[in-house]
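Biologist: I should be grateful for a close look at the pockets of this protein. Please describe what lines the open space, and then set it beside the enclosed space and the nonpolar interior.

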Amino acid sequence: MKNFFAVIVLSLMFVYPLHLAGQDSGIEARNKKIDSRAAEIVKQLPKTPHCVGRPITDRDAWNTIAALPTFKDVVKDAEKVAATPIQEVPKSLYMDFYETGNRDRYQRVNRQKYVRLHQLVLGECIENKGRFIVPLEEMIRSICADPSWVWPAHDRNAEIYKGTAMYSDLRSTDTSVELGLAVLWLGNKLSPEIRKLILDNVERRTFAPYEAYVKEDKQSRGMWWVRTSNNWNSVCHAGTVGAALTLLDSPQRRAWYIASAEHFMDDFFRGFTPDGYCSEGMGYWNYGFGNFADLAEMVYQATNGSTDFFTMPKVRNCALFGPRMEVAPNQFAAFADCSITSKPNEVLTGFLSKRLGLGLTEYEKELPKAGALKAVGVYAFPNSAAEIPAAPTAAPILGELRTEFPDAGILICRPKPGDKNQMAFVCKAGHNNEHHNHNDVGSFTVMYNGKMPILDPGGEVYTQRTFSNKRYDSKLLNSFGHPVPIINGQLQKTGRNAEGKVMAKDFSDERDTFNLNLAPAYQLEELKQLERLFMFHRMFPSSPGAPGTVTIVDSVKLEPAGTFETALVTYETWKDEGEDKNSGTRDFSIGDLRVKILTKSKDKTVPLEFSAVEIDEDASARKKPTRLSFKIAQPVTEAEIHITVLPAIQSPAL
């Protein structure tokens with residue numbers, strides 16, 4: 001596709017900033033440091049490859065796995081796939097991305113190969129009768145025959161598919177560790193030809209580009225992930241190091257891979273604020289931090305506990321991100337590209353709780369499931385959480401009235417424990433150059449009665465546009481798709497300096513307030529002031545015992561006068577209830593909520609213009625949100641728009 005190379009390069013700039021500040025003084029100094037650390041680690045390693053899980057010859061271990069209720073259908077699943085032919089992926093489907101921008105069609109079909117791989121390996125390890133080896137080896141030959149192991153969206157102009165370049169990505173590194181675990185667990189049950197085929201392919205597709213990048217400073221643009229601060233760093237390192245631990249006979253090479261990953265984890269953790277906030281959102285915390293946990297556990301077991309990535313400085317705060325983002329029971333905010341249904345992975349969170357002593361006992365009972373081999377190896381078999389249980393430290397989350405991530409500008413407000421009020425609230429300051437960024441400074445979500453009637457609508461279904469210089473053409477990703485102001489017809493700008501600054505905050509048992517300066521998010525000379533005040537009352541102020549309210553006050557100063565509007569976003573049904581003459585407000589119902597809009601202007605009393613627009617984008621929620629816009633009908637120099645949100649069952653006078 002025309003200009004495809006430029007589009008992908010720009011996508012990395014937009015979505016995956018490298019943040020290379022603080023680089024090593026030079027490649028020689030970095031290599032010397034990694035080599036020195038590898039010399040220490042090699043003393044901790046066995047002579048032969050070792051990772052997570054147990055070889056098929058350890059029948060006690062695999063019989064224990066077979067007895068888990070979540071593994072009861074493994075052999076049946078293996079029988080089904082062994083009886084069906086492999087669905088090969090034609091070139092036309094790989095090229096579909098370049099022609100249409102669609103990622104899903106290829107990825108959906110390609111994933112089925114790896115589902116087959118997992119099912120056949122686990123089926124054989126549990127049953128141990130040899131009847132799944134032939135279809136498994138056919139599956140491995142098919143995978144190794146694929147021209148590319150990377151997703152088309154990560155293969156610039158199909159250069160890997162065409163054989164003109166080689167670098168690794170999320171998919172190829174994960175493929176490498178999964179094949180490595182198949183070799184480690186099945187051993188001589190796999191033919192020498194297949195074991196060699198796997199090693200040759202992983203050497204060419206994963207080890208060679210990684211070593212060239214790190215050791216020789218061959219700056220392949222496709223290897224940018226080695227030093228990035230987003231999920232790619234941990235995910236690709238987990239796959240690369242896991243493959244090394246399972247496939248490489250040389251302890252020295254295995255030690256070097258561990259030392260290299262240890263060095264570059266500093267870059268990964270730069271993607272978290274010091275308070276542990278993950279700007280990529282819940283889904284990418286599950287993926288990125290989850291793969292860090294996998295990497296840390298594989299290294300811990302390979303070195304017999306001598307090298308422990310879990311002791312790295314930010315680990316504990318980052319591990320708490322998932323459960324701390326719970327706003328209401330089993331409900332989580334969906335900022336950035338996150339889905340509104342995303343929740344912490346329960347197996348991961350339970351493991352982290354036991355391993356780090358977080359006291360999240362409600363997560364610790366979840367059983368691991370049959371699936372990807374790496375996850376089975378880390379969580380289904382005995383691991384370090386069982387070997388060195390940390391002393392539990394109570395960490396009630398929903399028992400807290402609020403959770404604040406002060407470094408990120410995130411505030412979560414909850415009702416008092418036992419209150420009948422089920423209203424909860426989350427808002428963000430942040431900036432517009434976060435990982436998987438949306439232009440969403442000042443966004444918020446209101447939760448009530450198990451729903452999210454007013455919300456940040458989350459991400460879109462990924463296409464070629466999503467990770468290109470046209471990313472913010474999307475009305476879900478630019479500020480139009482978020483409940484934030486529009487000034488003089490202008491949306492928020494993109495960039496690190498487009499940020500929300502917390503000006504003041506005040507917390508009490510009855511009320512939390514959070515005051516933000518949103519003006520830096522807009523590139524407008526005439527904008528002299530734009531503030532957003534959030535007020536969360538746990539009980540309605542004039543009606544003790546009644547459910548609480550959320551109030552948002554947007555205030556603007558413009559010179560010269562200009563237009564001013566704000567908005568709410570919803571997936572729920574809504575209705576314009578008209579004007580309330582007694583209070584001077586205009587009322588709306590949104591789901592189970594009543595919303596009252598009041599405008600004030602220094603110039604004079606001005607009417608409010610209302611409009612509703614369905615956001616015509618392919619949202620990850622698989623439905624289209626509606627933007628409810630409230631605009632002061634004529635230019636103003638100073639004005640305020642007050643939005644009060646309360647349960648529909650309650651309509652006290654404001």
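Modeller: The account below treats the pockets, then the cavities, then the nonpolar cores. This is a predicted model, in which local features need pLDDT of at least 70 and side-chain atom pairs count only at pLDDT 80 or more, while totals for chains, interfaces and linings use all residues. Residues are numbered from 1 along each chain as its sequence is written, and side-chain values use heavy atoms, with hydrogens and water left out.

The largest pocket holds about 1500 Å³ of space. On a 1 Å grid over the protein atoms alone, a pocket is an open set of points with protein on both sides within 12 Å along at least five of seven lines, a cavity is a set where a 1.4 Å probe fits but cannot get out, and lining residues have an atom within 4 Å of a point. Grid points are joined across faces, edges and corners, and a volume is the space filled by probe spheres set on them.

The lining of the largest pocket comprises 48 residues, of which Arg111, Arg171, Gly283, Tyr287 and Asn291 are closest to the centre. Two or more lining residues come from each of several elements, including helix 6 (104–127), helix 8 (170–186) and helix 12 (282–302); helices are DSSP runs of H or I with at least four residues, strands are runs of E with at least two, and both are numbered from the N terminus. Helix 12 provides the largest share, seven residues. By class, this lining has 21 nonpolar, 14 polar and 13 charged residues. Here Ala, Val, Leu, Ile, Met, Phe, Trp, Tyr, Cys and Pro count as nonpolar, Asp, Glu, Lys and Arg as charged, and the others, Gly among them, as polar.

The second largest pocket holds about 480 Å³. Its lining has 23 residues, and Thr273, Asp407, His431, Glu434 and Arg496 are the closest to its centre. Strand 10 (495–499) and strand 11 (501–507) are the elements that give two or more residues to this lining, which divides into six nonpolar, eleven polar and six charged.

As for enclosed space, there are four cavities of 30 Å³ or more. The second largest cavity has a volume of about 60 Å³, and its lining includes Tyr94, Tyr106, Asp146 and Tyr161.

The largest nonpolar core has 146 residues, with Phe289, Phe292 and Leu352 making the most contacts inside it. Such a core is a set of buried Ala, Val, Leu, Ile, Met, Phe, Trp, Tyr and Cys residues joined through side-chain atoms within 4.5 Å; buried means under 20% relative accessible area, with a 1.4 Å probe and protein chains only.

Terms used
Buried means under 20% relative accessible area, exposed over 50%, partly exposed in between (1.4 Å probe, protein chains only).
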